[in-house]
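Reader: I'd like to go through this one with you, piece by piece. Could you put it up so that we can both look at it?

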Amino acid sequence: MIPDVRGYLRENRMPHILCPGCGHGIVLGALLRAVHALGIPQDRLAVVAGIGCSSRLAGYVDACTLHTTHGRALAFAAGLKLARPELVVIVLTGDGDGLSIGGNHLIHAARRNVDLTCILFNNAVYGMTGGQVAPTTQPGWVASTAPYGHPEPAFDGCALVQGAGGTFVARSMAYDPRGLQAILTEALEHRGFSYVEVLTDCPVYFGRYNRLGEGPELLWSQKARFGEVGQMLRDKRFVTPDGTAPAGRVEGLRFGILHRAERPEFTHVCWSQVRRGGDP
Amino acid sequence: MARLRLVRGNTACAYGALSAGCRFYAGYPITPSSEVAEEMARLLPRVGGVFVQMEDEIASLAACIGASLGGLRSMTATSGPGFTLMQEHLGYAALAEIPCVVVDVMRLGPSTGFPTAPAQGDVLQARWGSHGDYPMVVLAPAGVQEVFELTAAAFEVADRLRTPVVVLYDEVVGHMMEPATLPDLSELVASGTWRRPSPPVQGTYLPYAYSEGTPPPLVSFGEGTRYHITGLIHDESGFPTQDPGKVGEMLRRLNEKVPEVPADQLHPEGVATEDAEVVVVAYGITARAARAAVRQARELGVRAGLFRPRVLWPSPATALRELSGRVGMFVVAEMNFGQWAREVERLVGRWAEVVTVNQVDGTPLSPRTILERVLEVSSPVPSTAAGRRIS
């Protein structure tokens, strides 16, 4: 039974701006179900977002919501979390927002280990501006600014965040909302910087330019490519029988909870210094 | 007990912020402002506040805005190159109407420029550096005590008008040491961690529902009131709108909300302007040199005066226009090629002559240079005085 999480939505803001076939709504649904399952009160919830299609989702969540500037949501969120450590702060960002213009803020939020849950929507394209290449666009794929095939390699956001010191790193996909919800629940419970990259789809630009079909076809292709991993996530098999964390690797991308570590959390360390009155 | 101490302008800035209840600082090191960050890093944890050195100036102001929304009075300090990076979020804070204080200790630009040298080249950037039309409050202290006072005032203005306030001074004011009366740390500790009072909200909170020209008090995030803030043009509820009527109305209100004199202690200072025929207009360290130049001109028999704005933006139009009713000549002295002089010319140019004295070489304007310009443009002085040497 899927719980009704409409109470977490600002239904008076509907209809939303997302295109038909967009996978972002599936991700938001999984997130709200995870928030609901954990019993996080709406008054303790803050959602901070940058610029782009995925970042516009913040406005539909009935919480304290902050729609910021392009790429900078994590910096705003760090300030908010420092001022209000009791808030659960979720950051919504896209692949262009978080990995291109906001790449610097992403690695430093990970290094500081600020207790934020950062959800990066990876649809491999800049949707809001009309289908340009993103730092996650694979070489050869077509975009409005790569009409002859993208000449650059793509970022692996999870590897980047893990390298920068993030203490919870996972990747999931819109095709598998139950597995995604399970991962997001773990991410929200983690104390420290959690990064969850979610493959979603953009039929209007990415799918059309690359002749991959509409929304359903794009989601089905996720299943075809990642189905086995998705089943592991749905079964909450975050750790393989031999004890290794990565749940699987498909076409160069690893899926599942890829990294988990315990390190002092930034806001806790800062306020501990304050409580000691500055004594080291 | 507050006591007299010999400190730098940048130290006084930190104390001014703390005495106003600032309990959050996010910044990025840059000459000649770094001492502000160092003082805040040392003092904030001792008075119940948080310091964080961010990855760049863009993130610094973003963190300040986030913390301000969380209820803490927040500040960052920087210099020209960092101030340029902060323009993105100065525009955001202005539109989203979130209070914060940005200190810009001016060095010689453009670009990396001459990092250790004083200048006043950020005056127009402080007003117009971000895109679009938005209000901006820019305060210009001219000495160490005044850095303390105006930094403190900046927080009060920022909160009341829900807008970013820039405290703008030059490298000399930031680094020179003067006696200033500053509070003791124990007083600051006693005041505790300041939190923005968040009045209970009846019904739906409309964060942009103006009354009598000002926005409603900001309710902090986490106080049980859920609402939305965006850098998109929004209506009274805070949600985006594309309705031309609402867009136009919102921007008109925004751009009209800052009064010419944003607080009582921010009136411009006039020195010997009552009978003046020539008035030197200067701010920051240049005003100190101008004060000496005016005194020397008087000794030479020239009826000179000084007009010193404490607020550069919004410009003190009423005071300047009032003065132009009796003064025919304005000499605007600046360490730039005439940035604020354009504003003086705009305000009084129809009624008085406006000339400039500029120096952009990494050294402060001297009283002598300003005096020479005053003598050059003033009517011939009586022969008894004209024979005296310029001291």
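Author: Here it is, and please keep in mind that this is a predicted model. A good place to begin is strand S1(A), which is covered on both faces: Leu45(A), Val47(A) and Ala49(A) are buried on one side, and Ala46(A) and Val48(A) are buried on the other.

Reader: How many of the five residues of that strand are buried, then?

Author: Five of the five residues of strand S1 (residues 45-49) of chain A are buried, so the strand is largely enclosed by the rest of the structure.

Reader: And which strands does S1(A) pair with, and in which sense, parallel or antiparallel?

Author: S1(A) pairs in the parallel sense with strand S3 (residues 88-94) of chain A, over five bridges, and in the parallel sense with strand S2 (residues 64-67) of chain A, over four bridges. To place these pairings on the screen, look for Val48(A), which stands opposite Val91(A) in S3(A), and for Val47(A), whose bridge partner in S2(A) is Thr65(A).

Reader: What does S2(A) pair with in chain B?

Author: S2(A) pairs with strand S10 (residues 228-230) of chain B, in the parallel sense and over three bridges. In that pairing His67(A) stands opposite Thr230(B).

Reader: So how many residues are in contact between the two chains?

Author: The contacts involve 33 residues of chain A and 37 residues of chain B. On the chain A side, the elements that give two or more residues are S2, helix H2 (73-83), helix H4 (103-112) and helix H9 (266-275).

Reader: Which of them gives the largest share?

Author: That is H2(A), with eight residues of the side of chain A that touches chain B. By residue type, this side of chain A divides into 14 nonpolar, 13 polar and six charged residues.

Reader: Switching to chain B: how many helices and strands does it have?

Author: Chain B has 14 helices and 16 strands. Its radius of gyration is 22 Å, close to the 21 Å that the globule rule gives for 391 residues, so chain B is as compact as a globular protein of that length. The C-alpha trace of chain B spans about 75 × 50 × 40 Å along its principal axes, and buried residues make up 57% of the 391 residues.

Reader: What share of the contacts in chain B comes from residues 24 or more positions apart?

Author: Such pairs account for 78% of the contacts in chain B, counting those with a separation of 6 or more.

Reader: There's an open sheet of five strands in chain B; what is its order?

Author: The order is S11-S13-S12-S15-S16 (chain B), and the pairing is mixed. Strand S11 (269-271) and strand S16 (353-358) of chain B stand at the edges with a single partner strand each, so one side of each is left without a neighbour in the sheet. On average, and with direction ignored, neighbouring strands of this sheet are turned by 20° against each other.

Reader: How many bridges join S15 to S16 there?

Author: Six bridges join strand S15 (residues 329-334) of chain B to S16(B), and the two run parallel; within this pairing, Phe330(B) stands opposite Val354(B).

Reader: And which helix packs on the sheet, touching S12, S15 and S16 of chain B?

Author: That is helix H12 (residues 339-348) of chain B, whose direction makes about 160° with that of S15(B). Helix H10 (residues 285-299) of chain B lies across S11, S12, S13 and S15 of chain B, and runs at about 165° to S13(B).

Notes
Residues are numbered from 1 along each chain as its sequence is written. Chains are lettered from A and ligands numbered from 1 in the order in which they are written. This is a predicted model: local features need pLDDT of at least 70, side-chain atom pairs count only at pLDDT 80 or more; totals for chains, interfaces and linings use all residues. A residue is buried if 20 or more other C-beta atoms lie within 10 Å of its own, exposed if 12 or fewer, and partly exposed in between; C-beta atoms are placed from the backbone. Two strands pair if DSSP finds at least two bridges between them. The radius of gyration is taken over C-alpha atoms; the globule rule is 2.2 Å times the number of residues to the power 0.38. Two residues are in contact if their C-beta atoms, placed from the backbone, lie within 7 Å. Axes are lines fitted to C-alpha atoms, for helices over the stretch in contact, and angles run from 0 to 180 degrees between N-to-C directions. Ala, Val, Leu, Ile, Met, Phe, Trp, Tyr, Cys and Pro count as nonpolar, Asp, Glu, Lys and Arg as charged, and the others, Gly among them, as polar.
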